[in-house]
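Here is a walk through some strands, loops and pockets, best read with the viewer open. Have a look at the structure before moving on.

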Amino acid sequence: MSPICDISQILEDELLRKVTKPTRYTGGEHNQVKKDWSGVDVAMAFAFPDVYEVGMSHLGLRILYHLINEQPRMVMERVFAPWPDMEKAMRSRGVPLFSLESRRPLTDFDVVGFTLQYEMSYSNILNMLDLAGISLFAEERLYGDPLIMAGGPCAVNPEPLAPFMDLILLGEGEELLPRVLQAIADFKRDAGLGAIAGGAAAAGDDLAERRDRSRREALLLHLATIPGVYVPALYRSEYAADGCFLGTTPIREGVPAKVKKQIVADLDKAYFPTTSLVPFMDVVHDRVMLEVLRGCSRACRFCQAGSIYRPVRERSPETLKRQAEALVKATGYDEIALTSLSTADYTCVEPLIKELIATHAEQKVGLSLPSLRVDAFSVDLAKEVQKVRKTGLTFAPEAGTQRLRDVINKGVTESDLMETVESAFSNGWTSLKLYFMIGLPTETEEDLEGIARLAEQVVYKGTAILREKGMNKSVRVTVSTSSFVPKAQTPFQWEPQAPMADLEEKQAFLKKRLRDRRISYSWHDARISFLEAVFAKGDRRLAQVLHRAWQKGCVFDGWSEFFRYETWLEAFQECGVDPADYAYRAIGYDDPLPWDHLDFGVDRRYLIREHKKALAAALTRDCRADQCAGCGVCPTLGVSIDLRGGDHVPSPDRL
Amino acid sequence: MFRVRIAFSKQDPVRWLSHLDTQKAFERAMRRAAIPLAFSEGFNPHPKIAFASALAVGIVSFGEYVDVDLAAAVDPAEVRERLQKAMPEGFGIHGVKAVPPGTQALMAVVNRAQYRLRVPLQEPLDEAVIAAALSRSLAEASWLVEREGKKGVSTRDIRPGLFQLTGSRTDDALILEMLVQTGSEGNVRPEEVLEAVCRYGDLSVDRERVRILRLGLFVAQGERLLTPMDVL
Ligand code: SF4
């Protein structure tokens with residue numbers, strides 16, 4: 001029996017009945033693409049290092065899956081991290097990690113590509129490789145083994161994963177990924193070897209193994225010449241005797257000193273699938289996702305997405321309407337989400353929403369706006385959307401005082417917030433969510449007090465409005481705080497994270513302070529934020545810690561029920577690495593950074609300027625409405641802001 | 001209001017769908033097929049879809065039924081054709097009929113379920129041994145099984161809810177076919193019948209690896225067994 005049948009048989013007969021939510025592992029969703037492998041030159045597994053329902057909510061997967069599968073000679077299948085009950089069952093039955101579509105072991109694929117969405121999923125990557133029976137370290141893999149690839153937002157600083165990855169793609173994948181896969185297919189054909197996978201040397205055959213190794217090196221060397229492809233093994237990081245990081249440089253001729261990220265210039269022409277997988281089980285975002293624009297130019301200084309997705313590029317409303325219609329027809333979803341970093345900023349948002357509602361209301365297809373600004377215009381939009389289906393409202397003032405909001409360049413004033421809230425309550429909402437960050441640079445007790453005060457004011461305002469309207473329902477305000485994590489390629493990359501004890505004290509302060517029955521308070525685990533900071537700013541030395549932590553049983557670190565902080569601390573200690581060095585160190589402007597060899601287009605001088613302005617609480621304007629802030633992205637990447645007009649211009653009272 | 005009754009089957013891989021997931025799959029397929037659903041009133045309108053009975057996760061079925069309210073009259077033959085094209089792999093649409101106004105709800109009329117079980121043998125058994133085990137167990141006046149409910153474990157007698165039982169064997173498995181009670185008067189689960197047969201008939205089989213097939217759901221009217229389509 002072939003291993004494919006074997007896996008399928010064991011799954012159907014034994015494993016699926018034993019695990020929670022078996023549809024995480026069955027595949028077979030509507031619009032799944034199942035290709036005949038005999039006509040295919042290159043096969044890639046898209047690996048999401050989290051559980052099915054999280055991974056399936058990811059727009060990047062939905063785009064790349066159909067993009068690659070539309071190429072006649074390429075195939076992409078999916079794999080997610082099995083939940084611990086399934087992992088246990090698989091290990092006890094000797095079932096290797098397999099793809100959902102054809103239930104093939106991952107070792108059958110030429111490429112296994114992980115998407116790096118959050119730092120806390122890294123241990124799952126190691127676990128998935130191990131479950132697949134693939135060597136964890138790149139240097140141990142031979143020509144016959146799959147190439148292990150990574151991409152996504154955390155590729156901004158992939159250094160903690162460097163020894164595990166064969167190649168890392170920087171930037172947006174729509175154009176880059178097919179190019180890379182084609183190069184791999186061509187190399188295979190020229191080498192005349194058939195599948196990359198399956199051609200490995202027999203064990204013990206030294207010469208063949210060496211030949212395999214050099215063939216793999218030749219392939220990687222070739223791939224490293226494609227713009228946007230970073231091959232960590234071709235670079236060396238150096239450290240001073242005292243452990244200080246000195247820099248990362250190429251070790252081979254012809255390898256670029258700086259790898260430059262790739263982006264699509266015209267979002268309107270960029271590939272976007274008109275079909276989409278429809279999961280059976282509930283997933284986090286289970287709806288049509290329409291990407292209305294990419295990027296954000298509001299320049300919040302803590303925001304990594306704001307830095308790395310620049311410049312702003314919009315899709316035209318005609319394209320979006322066409323995509324919405326095709327997607328609803330292809331999926332049967334009853335909701336369309338307009339996604340982006342800030343959907344209310346889309347220059348054609350009002351007419352687009354009106355037309356989408358008009359077209360789809362009859363079939364009871366509703367709209368949702370996951371990311372709104374704090375302003376009355378956003379409430380108007382939400383009100384429009386509400387006509388079909390009720391939605392919640394969430395706003396993110398981020399900080400409690402004007403001073404601190406100026407430090408982070410969050411262009412929101414208290415009167416903005418009160419106006420927004422007033423409009424929301426007058427329009428029938430009775431509960432709101434407010435997001436804040438604690439531990440921001442320069443934060444004082446006054447800023448924390450400001451969070452509480454704002455929440456109270458919102459409650460008072462809401463209560464007054466509801467009373468006026470004669471409603472005897474009580475207002476509910478949910479305050480949620482996350483802890484500031486300094487991230488690469490942001491103006492705060494030089495900042496230390498607030499000590500964990502301080503963060504916990506701040507949470508305790510708010511817990512005590514937010515006593516009003518109508519306010520509920522939730523917060524993120526400061527220990528998780530601490531590890532996020534460590535890995536967000538880490539270097540290659542963290543790889544051994546990650547490896548050790550995984551060996552000691554750490555998986556699903558982003559899930560509180562599995563997070564084992566003590567185990568992580570042991571791993572750091574055993575490896576002789578002090579996590580505090582990474583999270584708490586204030587970095588000098590001239591110090592080399594572990595991600596300096598990766599060029600995201602954002603000018604270091606701009607980041608320094610922004611950091612200095614932050615400390616002076618000086619504002620930077622939105623480069624769409626005003627002049628260019630000189631972040632360097634447009635000239636470096638050879639693109640420019642692309643707006644699709646309409647009568648809505650960014651609100652002039654933002655600043 | 002226009003209501004249709006749909007007969008369908010559920011096989012690999014969708015046998016792993018929960019009842020709720022199945023409902024969602026139908027709703028989405030109806031939308032893809034552009035069949036106009038009728039919705040409930042209120043802030044979060046939902047379509048009116050009512051299944052004959054919930055099917056446990058992992059069971060393959062050849063005889064499932066669902067009633068769906070439509071916003072406009074659509075030719076049942078067309079519903080069948082369009083829906084079949086729009087359903088995920090593993091669902092088969094076998095028949096669609098218009099439900100006349102005033103017809104009793106599906107859930108209220110279905111009271112019998114027919115199952116076939118395939119259980120790997122742990123030791124070679126011949127037909128005679130199986131026949132003897134069946135008659136031994138059927139001779140018992142009551143079959144007590146334990147059920148875990150919201151209020152803890154309770155003991156129930158399922159023997160009165162068993163109407164037919166036959167057994168045979170293939171090369172390496174025991175095949176059991178049964179007709180049991182289902183619906184508002186109480187459910188007898190096929191695994192419980194298997195458990196009782198093993199216990200009272202003293203049979204040893206690999207119950208962990210049982211495969212269950214629901215052959216159909218029926219409306220028993222006296223001695224007659226009708227399908228939910230027949231009663232329309
Ligand atoms: S280069 Fe100027 S216009 Fe382009 S994104 Fe940066 S600040 Fe905006």
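## Sheets, loops and pockets

In β13(A), A:M289 finds its bridge partner in A:A337. Keep in mind that this is a predicted model. The bridge just named is part of the pairing between β10(A) and strand β13 (residues 335-339) of chain A, two strands that run parallel and are joined by four bridges.

Zoom out a little and that pair turns out to belong to an open sheet of three strands in chain A, in the order β10-β13-β14, with parallel pairing. The edges are taken by β10 (288-291) and β14 (366-368) of chain A; each has a single partner strand, so one side of each is left without a neighbour in the sheet. From one strand to the next, the twist averages 25°. Strands of a sheet, in general, pair through backbone hydrogen bonds, either parallel or antiparallel. Lying across β10, β13 and β14 of chain A is helix α11 (residues 349-360), which runs at about 165° to β13(A).

Chain A also has an open sheet of six strands, ordered β2-β1-β3-β4-β5-β6, and here the pairing is mixed. Which strands sit at its edges? They are β2 (74-80) and β6 (229-230) of chain A, each pairing on one side only. At the β6 end, strand β5 (residues 167-169) of chain A pairs with β6(A) in the antiparallel sense, over two bridges. There, A:L169 stands opposite A:V229 in β6(A).

Two helices deserve a look against this sheet. Helix α7 (residues 173-191) of chain A packs on the sheet and touches β1 (42-48), β2, β3 (111-115), β4 (147-151), β5 and β6 of chain A. The direction of α7 makes about 135° with that of β1(A). Helix α8 (residues 206-223) of chain A lies across β4, β5 and β6 of chain A, and runs at about 25° to β4(A).

Helix α8 turns up again at a pocket. The second largest pocket has a volume of about 550 Å³. It is lined by 25 residues, and the closest to its centre are A:A138, A:E139, A:P232, A:A233 and A:L234. Which elements give two or more residues to this lining? They are α8, β7 (235-239) and α18 (542-551) of chain A. The largest share, four residues, comes from α8(A). Sorted by class, the lining of this pocket has 13 nonpolar, two polar and ten charged residues.

Now over to chain B, where the strand pairs below all run antiparallel. The table sets them side by side, with one facing pair of residues for each.

| Strand pair | Bridges | A facing pair |
|---|---|---|
| β6 (144-149) and β7 (152-157) of chain B | six bridges | B:V145 and B:R156 |
| β5 (112-120) and β9 (173-181) of chain B | nine bridges | B:Y115 and B:M178 |
| β5(B) and β10 (211-221) of chain B | seven bridges | B:R112 and B:F218 |

β6(B) and β7(B) form a hairpin, with two residues between them. Strand β5(B), meanwhile, pairs with β9(B) and also with β10(B).

Next, some backbone details. Where are the cis peptide bonds worth checking? One joins A:R310 and A:P311, with omega about -10°; A:P311 lies in the loop between α9 (304-308) and β12 (313-314) of chain A. Another joins B:D12 and B:P13, with omega about -5°, and B:P13 has its place in the loop between β1 (2-10) and α1 (19-32) of chain B.

Positive phi values in residues other than glycine come up too. A:N31 has phi near 75° and lies in the loop between α2 (23-26) and β1 of chain A. For A:A299, phi is near 60°; this residue is found in the loop between β11 (293-294) and α9 of chain A.

Last stop, the ligand. Both residues of the cis bond in chain A, A:R310 and A:P311, are among the residues around the ligand. The others in that shell are A:C623, A:C628, A:A629, A:G630, A:C631, A:G632, A:V633, A:C634 and A:I641. By class, the shell has eight nonpolar, two polar and one charged residues.

Methods: Residues numbered from 1 in each chain as written. Chains lettered and ligands numbered in written order. Predicted model: local features only at pLDDT ≥ 70, side-chain atom pairs only at ≥ 80, totals over all residues. Heavy atoms only, no water. Near = heavy atom within 4 Å. Nonpolar A, V, L, I, M, F, W, Y, C, P; charged D, E, K, R; others polar. Pairing = 2+ DSSP bridges. Contact = heavy atoms within 4.5 Å. Axes fitted to C-alpha atoms, helices over the stretch in contact; angles between N-to-C directions. 1 Å grid on protein atoms, 1.4 Å probe; cavity = no way out; pocket = protein on both sides within 12 Å on 5 of 7 lines; lining within 4 Å. Points joined across faces, edges and corners; volume = space filled by probe spheres on them.
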